[in-house]
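Hello,

Here is the structure I promised to pass on. Please open it alongside this note; my findings follow below.

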Amino acid sequence: MFTGLVECTGRVVGLTPEGGCQAVTVSCPFAAELAIGQSVAVDGACLTVSALADGAFRVLMTAETVSRGGSSLQVGKRVNLERALKLGGRLDGHLVLGHVDGTARVVSLRRSGSSALLTVLIPNELRRYVAVKGSVALDGVSLTVASFEGGAASVAVIPQTLDDTTLGERRSGDLINLEVDVIARYLERLVSNDTGGENLTMAKLAEMGW
């Protein structure tokens, strides 16, 4: 579990196939504090540390992870990094699982002074989970949707986020990892007809005091 508040950026220094997976080596400032088996979000994807050496850590990406967004990783690429949330810690972003749902395509990054407005095109199958004032994670960064029209979601990026993450490097046409709000997924499940139990309806919500 993560918060979407990027701790720092690292750089991909190695990519090699390994046992049907993709081994990724990332250099980062907190590598010496990691232990094998811990989780790190790399551009929003939750990955498990499998090896440590010389200021870097290695993780393995399955074919599923690669297909969801890991294919954009290249040697030399700068990536957003966040260690797992500690129980009792502050949740300053939103609940981010590190399970990338897909990729969104950057439409534009419009700067205004020291901040920017980032607009991305959400894939059709994920649009129902996006709402104005709701949360999304883009390359692991927790952001609030400022507007959503025609499948294009715009988020305001403050100066600190531009400085501390890779979002300021994004250009029109780039693909960016997207994780929708998990609460929206659970709500859809509750109100759907395939839960195997009693459907959640407006009448039921009213009965429960909502």
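**Strands, domains and pockets**

Glutamine 22 sits across from methionine 61 of β5. That pair belongs to the antiparallel pairing of β2 with strand β5 (residues 56-61), which counts six bridges. Please keep in mind that this is a predicted model.

β2 also has strand β1 as a partner. Strand β1 (residues 8-18) and strand β2 (residues 21-27) run antiparallel, joined by seven bridges. Within β2, alanine 23 stands opposite threonine 16. The hairpin of β1 and β2 has two residues between the strands. Look at glycine 19 there: its phi is positive, near 55 degrees.

Next, the domains. The assignment splits the protein chain into domain 1 (6-81) and domain 2 (100-183). Their C-alpha centres are 22 Å apart. Domain 1 puts 11 residues into the contact, and domain 2 puts in 14 residues.

Now the barrel. Six strands close it, in the order β7-β8-β11-β10-β9-β12, with antiparallel pairing. From one strand to the next, the twist averages 45 degrees. One step in that order is worth a look. Strand β9 (residues 135-138) pairs with strand β10 (residues 141-149) through four bridges, again in the antiparallel sense. Leucine 138 has valine 141 in β10 as its bridge partner.

Valine 141 comes up again in the pockets. The largest pocket holds about 320 Å³ of space. It is lined by 16 residues, and those closest to its centre are Leu5, Val141, Ser142, Ile158 and Thr161. Three elements give two or more residues to this lining: β10, β11 (152-157) and α2 (159-164). Which of them gives the largest share of the lining? That is β10, with four residues. By class, the lining of the largest pocket has seven nonpolar, seven polar and two charged residues.

The second largest pocket has a volume of about 170 Å³. Its lining consists of Glu7, Glu33, Leu34, Gln38, Ser39, Arg83, Ala84, Leu85 and Lys86. Four of these lining residues are charged, three are nonpolar and two are polar.

To recap the places to visit: the β1 and β2 hairpin with glycine 19, the six-strand barrel, and the largest pocket, where β10 supplies four lining residues.

Best wishes

Methods. Residues are numbered from 1 along each chain as its sequence is written. This is a predicted model: local features need pLDDT of at least 70, side-chain atom pairs count only at pLDDT 80 or more; totals for chains, interfaces and linings use all residues. Side-chain values use heavy atoms; hydrogens and water are left out. Two strands pair if DSSP finds at least two bridges between them. Axes are lines fitted to C-alpha atoms, for helices over the stretch in contact, and angles run from 0 to 180 degrees between N-to-C directions. On a 1 Å grid over the protein atoms alone, a cavity is a set of points where a 1.4 Å probe fits but cannot get out, and a pocket is an open set with protein on both sides within 12 Å along at least five of seven lines; lining residues have an atom within 4 Å of a point. Grid points are joined across faces, edges and corners, and a volume is the space filled by probe spheres set on the points. Ala, Val, Leu, Ile, Met, Phe, Trp, Tyr, Cys and Pro count as nonpolar, Asp, Glu, Lys and Arg as charged, and the others, Gly among them, as polar. Domain bounds come from an automatic or database domain assignment. Contact means heavy atoms within 4.5 Å.
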